[in-house]
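Please work through the exercises below with the sequence and the coordinates at hand. Each task is followed by a worked solution.

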Amino acid sequence: QLQLVESGGGLVQPGGSLRLSCAASGGFTLDYYAICWFRQVPGAEREGVSCMSSRDERRYYADSVKGRFTISTNNSKNRIYLQMNSLKLEDAAVYYCALDARPWGRAIPPTVPWGDYWGQGTQVTVSS
């Protein structure tokens, strides 16, 4: 059973940076999938922030984070990162990573309901 565990959240001032990490473990045989970072604030729906394809260089970024956030992975593809720069107050949320086994064209843009596997989330607080 695949498990996704996020880390790297914390408190940062506006304009600062954080790098979130999502560790995948438990083993899975999927070759083609999309993996995304979502975020959620209380009372709102989960928002897809950034995604990447397992097979190629395709990426998705929500308009609100384009030019500030970067999604990446390690060589083993068992860690997915979200580098967040120039953070704004409105970026504060619980951030989740999730994996969806559908082809890219069906999985993107990432709108809930979405994903076959989810992590438990990591809190990002942006405050001066």
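The exercises proceed from the overall fold to the interior of this predicted model.

**Exercise 1.** Determine how many helices and strands the chain has, and in what order they run.

*Solution.* Begin with the count: the chain comprises 1 helix and 11 strands. Next, read the elements from the N terminus, which gives β-β-β-β-β-β-β-β-β-α-β-β.

**Exercise 2.** Assess whether the radius of gyration of the chain agrees with that of a compact globule.

*Solution.* For 128 residues, the globule rule predicts a radius of gyration near 14 Å. The chain has 14 Å, and therefore the two agree. Along the principal axes, the C-alpha atoms occupy a box of roughly 45 × 30 × 25 Å. As to burial, 41% of the 128 residues count as buried.

**Exercise 3.** Identify the residues with the most contacts inside the largest nonpolar core, and the elements that give two or more residues to this core.

*Solution.* The largest nonpolar core has 27 residues, and those with the most contacts inside it are W37, F69, L82, M84 and Y95. Two or more residues each come from β3 (18–25), β4 (34–40), β5 (47–53), β7 (69–73), β8 (79–84), β9 (93–100) and β11 (122–126). A second, separate core has 9 residues, among them C36, C51, W104 and I108.

**Exercise 4.** List contacts of F69 beyond its neighbours within four places in sequence.

*Solution.* With those neighbours set aside, the contacts of F69 include R39, V49, Y61, L82, M84 and Y95. Of these partners, L82, M84 and Y95 also appear among the core residues named in Exercise 3.

Notes:
Residues are numbered from 1 along each chain as its sequence is written. This is a predicted model: local features need pLDDT of at least 70, side-chain atom pairs count only at pLDDT 80 or more; totals for chains, interfaces and linings use all residues. Side-chain values use heavy atoms; hydrogens and water are left out. Helices (H or I, at least four residues) and strands (E, at least two) are DSSP runs, numbered from the N terminus. The radius of gyration is taken over C-alpha atoms; the globule rule is 2.2 Å times the number of residues to the power 0.38. Buried means under 20% relative accessible area, exposed over 50%, partly exposed in between (1.4 Å probe, protein chains only). A nonpolar core is a set of buried Ala, Val, Leu, Ile, Met, Phe, Trp, Tyr and Cys residues joined through side-chain atoms within 4.5 Å. Contact means heavy atoms within 4.5 Å.
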